[in-house]
Amino acid sequence: MTTNRTQHLIDNVSAVFSSVFGYVASHIIQAPGRVNLIGEHTDYNDGFVLPCAIDYQAIVAAARRDDNIVRVVAVDYNNEISEFDITQPLEFDQQCMWVNYVRGVIKYLLERGYVLGGADIVISGNVPQGAGLSSSAALEVVIGQTFKTLFDLTISQQEIALNGQQAENQFVGCNCGIMDQLISAEGEQNHALLIDCRSLETTAVAMPEDMAVVIINSNKKRGLVDSEYNTRRAQCEQAAAFFGVPALRDVTLATFIAHETELDPMVAKRARHVITENMRTEQAAIALSNGNMTLLAELMAESHASMRDDFDITVPEIDTLVDMVKGVIGDQGGVRMTGGGFGGCIVALVPPTFVDAITAEVNAKYQVATGLQATIYVCKAMTGAGVISEQNLAIA
Ligand code: GAF
């Protein structure tokens, strides 16, 4: 199903493609952003996450070329165009930051041995940037999916995700885990995915039909995200090393409690968050599949408190939003911060009848409390990356 806002993006990339390149694109391809329901900062600890892909996406119009030249247009950057030859060394472009996601993905596809050629590509998207909803993962995955499609690559969705993560880690320089790329590549309509970030095994969990996914962007500019993120990673690795295990996934709560006081107090707090968050995430997947919203809401509340008190990744604007929504929904749904932290978004799972009341409350009080204006997105869990249409541009 194509929403109006997706159709708008499709029309736009198609029109820009024809006007810039002078012919009609052969393919329209999409990859979604994501919202994580629970399981934060657990992915790089080999743990569990429970995200769903959302109907905010990166969209590409593309066609294969007969040479080795890639021409890419970024609609959201004033139709800026970047051109390069994929047989030449693909280096980081200091002048044009957005194209590094494209270059990085192509570089590692080539290094993995895939045979590619040139392409004409127009990109646009409506995943809000810098809001913790994985706009960059959507971009990496849509580019991987585009080259898979144009050159008939026998690459799995999982490898498209891993390749995107490699581009983010080694080319762009952000040391993220695998959650964002994997859910963008493998998401399922009307389902969340419980992902085991060690085995990369996924289990689809149906989203209850009587619950809306409400995302509220605090619009708090996320500061120091990369450095704080990398510090958290290092603290988790320090804790795992103390316990003599490959990752915090391998430490039980009982073992942690027995040795907690031997750890540096800050490192102990970080470890406690990860160990308890892993437990909550597995329980939440069961609660969601049983439709036990009361338990799910409790787990989301505990997750938020743990991110605030132990992992120190919430900010006052985010805590304010969570409290505001909680005040409206009481025990009728769950709410917590979502994503990497230090600003960004909260997610609420609520009966749809609460959406108007939440919107009214946030509109009336958030700006007064923080000086910022929030943006509200009501989302559906959608399918992962894929081709929307080909050749004749008939919408699938
Ligand atoms: C960011 C990262 F990219 C993910 O890998 C994950 O660690 C998340 O923060 C926190 O759960 O989105």
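**View 1. Strand 11 is covered on both faces in this predicted model.** On one side C345, V347 and L349 are buried, and on the other I346, A348 and V350 are buried. A residue counts as buried if 20 or more other C-beta atoms lie within 10 Å of its own, as exposed if 12 or fewer do, and as partly exposed in between, with C-beta atoms placed from the backbone. Strand 11 spans residues 345-350, and six of its six residues are buried. Strands (E, at least two residues) and helices (H or I, at least four residues) are DSSP runs, numbered from the N terminus. Residues are numbered from 1 along each chain as its sequence is written. Local features need pLDDT of at least 70, side-chain atom pairs count only at pLDDT 80 or more, and totals for chains, interfaces and linings use all residues of this predicted model.

**View 2. Strand 11 and its partners, strands 9 and 10.** Two strands pair if DSSP finds at least two bridges between them. Strand 9 (residues 212-217) is joined to strand 11 by six bridges, and the two run antiparallel. V213 has L349 of strand 11 as its bridge partner. Strand 10 (residues 334-338) also runs antiparallel to strand 11, through five bridges. Here M337 stands opposite I346. Strands 10 and 11 form a hairpin with six residues between them. In the turn, G339 has a positive phi of about 95°.

**View 3. The largest nonpolar core, with 113 residues.** A nonpolar core is a set of buried Ala, Val, Leu, Ile, Met, Phe, Trp, Tyr and Cys residues joined through C-beta atoms within 7 Å. The residues with the most contacts inside this core are C52, V60, V142, V325, I346 and A348. Strand 3 gives the most to the core, with nine residues. V325 is in contact with V335, I346, A348 and I358, leaving aside its neighbours within four places in sequence. Two residues are in contact if their C-beta atoms, placed from the backbone, lie within 7 Å. Another core lies apart from this one. It has eight residues, among them C236, A240, L248 and A271.

**View 4. An open sheet of six strands.** The strand order is 5-4-6-3-1-13, with mixed pairing. Strand 5 (80-85) and strand 13 (386-390) are the edge strands, and each pairs on one side only. Neighbouring strands are turned by 25° against each other on average, direction ignored. Axes are lines fitted to C-alpha atoms, for helices over the stretch in contact, and angles run from 0 to 180 degrees between N-to-C directions. Strand 1 (residues 27-36) and strand 13 run antiparallel and are joined by four bridges. I29 has V387 of strand 13 as its bridge partner. Helix 3 (residues 135-150) packs on the sheet. This helix touches strand 1, strand 3 (51-64), strand 6 (119-125) and strand 13, and its direction makes about 150° with that of strand 1.

**View 5. A63 in strand 3.** A63 is partly exposed, because 19 other C-beta atoms lie within 10 Å. A63 and A25 are 38 residues apart in sequence but 5.2 Å apart in space, C-alpha to C-alpha. Not counting residues up to four places away in sequence, A63 touches A25, S26, A119 and D120.

**View 6. The residues that UniProt annotates as "binding site".** The unreviewed entry covers E40, H41, T42, D43 and Y229. They are spread over 190 residues of sequence, yet cluster in space, with a largest C-alpha distance of 12.5 Å. UniProt positions are given in the numbering used here, feature names are shortened, and annotations may be inferred rather than shown by experiment. H41 lies in the loop between strand 1 and strand 2 (48-49). H41 is buried, because 26 other C-beta atoms lie within 10 Å. Beyond its neighbours within four places in sequence, H41 is in contact with R232, V274 and F311. Y229 is found in helix 6 (residues 225-243). Y229 is buried, with 20 other C-beta atoms within 10 Å. Its contacts, leaving aside neighbours within four places in sequence, are N175 and G340.
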